[in-house]
Amino acid sequence: MSSAQDPFYIVREEIQDSIDKLQTTFHRWEKTPSNTGEHVHLTKELHTSCESIEWQVDELEKTILVASRDPAYYGLDEVELSRRRNWIGSARNQVAAVRRSVEKGKSNSTFSAHQDMGTSRSNHYTAQDNDDFIASESDRQLLLMRQQDEELDELSESVQRIGGVGLTIHEELSGQERILNDLSLEMETTSNRLDFVQKRVAMVMKKAGIKGQIMLILFLVVLFIILFVLVFLT
């Protein structure tokens with residue numbers, strides 16, 4: 001099976017796209033000041049994306065475990081299995097690195113927020129400045145919420161596609177298992193019939209004696225000659 005048709009590579013491409021989007025969002029998060037509403041929303045979005053990608057990677061790893069039980073049956077070898085395991089490990093490391101950075105940044109922003117609260121007590125703002133700030137933050141929050149909804153919709157569609165591919169893999173494995181069971185049953189039935197025929201032939205040969213065996217051999221030779229002539233004439 002080529003890599004373009006292998007369900008593993010189809011799912012891997014979906015997950016890699018999600019990781020690329022995660023990295024893009026993470027870079028935005030790094031450049032966004034920690035004391036803004038946008039930073040809070042990006043933090044939540046990163047947490048959601050990390051959890052979703054980790055779940056996808058876990059599901060993909062299960063298919064590798066299944067294939068490793070009988071690699072030849074799935075047309076794989078140890079080199080290919082090792083390559084797939086290495087990609088799983090790399091994907092986990094990328095997501096884990098983002099998660100650690102976000103957790104660390106969240107702790108730092110919480111500490112910074114407490115400091116800002118203490119400093120803000122010494123500052124005085126006019127009523128007009130407060131109104132302008134609230135209006136600006138409200139507009140920014142609405143914009144960020146719309147962007148987050150769009151990205152979550154894309155993520156949901158990606159998860160649904162991966163689920164569909166996983167279901168297809170399961171159905172294919174179940175169908176192949178049924179075919180193997182049917183083939184095993186047919187082979188067993190054929191073997192039993194062959195044993196029965198061999199026993200019947202042995203009994204006939206034993207009862208016929210030497211003369212009977214010679215007559216049977218001569219009859220088969222004549223029958224073979226007749227069939228050969230008929231085939232040759234046609």
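The questions and answers below look at salt bridges, a cavity and a surface patch in a predicted model.

Q: Why is Glu-14 called buried?
A: Glu-14 has a relative accessibility of 18%, and buried means under 20% relative accessible area, so Glu-14 counts as buried.

Q: What makes the contact of Glu-14 with Arg-161 a salt bridge?
A: The closest N and O atoms of Glu-14 and Arg-161 are 3.1 Å apart, and a salt bridge asks for a side-chain nitrogen of Lys or Arg within 4 Å of a carboxyl oxygen of Asp or Glu, so the pair fits the rule. This pair links distant parts of the chain, with Glu-14 in helix α1 and Arg-161 in helix α4, 147 residues apart.

Q: Why is Arg-161 called partly exposed?
A: The relative accessible area of Arg-161 is 43%, and partly exposed is the range between under 20% for buried and over 50% for exposed, so Arg-161 is partly exposed.

Q: How do you know that Arg-99 and Glu-54 tie together separate parts of the sequence?
A: The side chains of Arg-99 and Glu-54 meet in a salt bridge, at 3.1 Å from N to O. Because Arg-99 lies in helix α3 and Glu-54 in helix α2, the pair ties together parts that are 45 residues apart in sequence.

Q: What makes Arg-92 and Asp-58 a salt bridge?
A: The side chains of Arg-92 and Asp-58 meet at 2.8 Å, N to O, and the cut-off is 4 Å, so this pair also satisfies the definition. Since Arg-92 lies in helix α3 and Asp-58 in helix α2, the pair joins parts that are 34 residues apart in sequence.

Q: Which residues line the largest cavity, and which helices supply at least two residues of the lining each?
A: The lining is made by Arg-28, His-41, Leu-42, Glu-45, Leu-144, Gln-147 and Gln-148, while α2 and α4 each supply at least two residues of it. By class, the lining has 2 nonpolar, 3 polar and 2 charged residues, and the volume of this cavity is about 40 Å³.

Q: Why is Leu-230 called partly exposed?
A: Leu-230, which lies in helix α4, has a relative accessibility of 49%, whereas exposed means over 50%, so Leu-230 counts as partly exposed. A patch residue needs over 30% relative accessible area, and Leu-230 is one of the residues that make a nonpolar surface patch of about 730 Å².

Note on methods: Residues numbered from 1 in each chain as written. Predicted model: local features only at pLDDT ≥ 70, side-chain atom pairs only at ≥ 80, totals over all residues. Heavy atoms only, no water. 1 Å grid on protein atoms, 1.4 Å probe; cavity = no way out; pocket = protein on both sides within 12 Å on 5 of 7 lines; lining within 4 Å. Points joined across faces, edges and corners; volume = space filled by probe spheres on them. Helix = DSSP H or I, 4+ residues; strand = E, 2+ residues; numbered from the N terminus. Nonpolar A, V, L, I, M, F, W, Y, C, P; charged D, E, K, R; others polar. Patch = residues over 30% accessible without salt bridge, like charges linked within 9 Å, V, L, I, M, F, W, Y side chains within 5 Å. Areas by Shrake-Rupley, 256 points an atom, 1.4 Å probe, with all protein chains shown as cover. Buried < 20%, exposed > 50% of the residue type's maximum accessible area, 1.4 Å probe, protein only.
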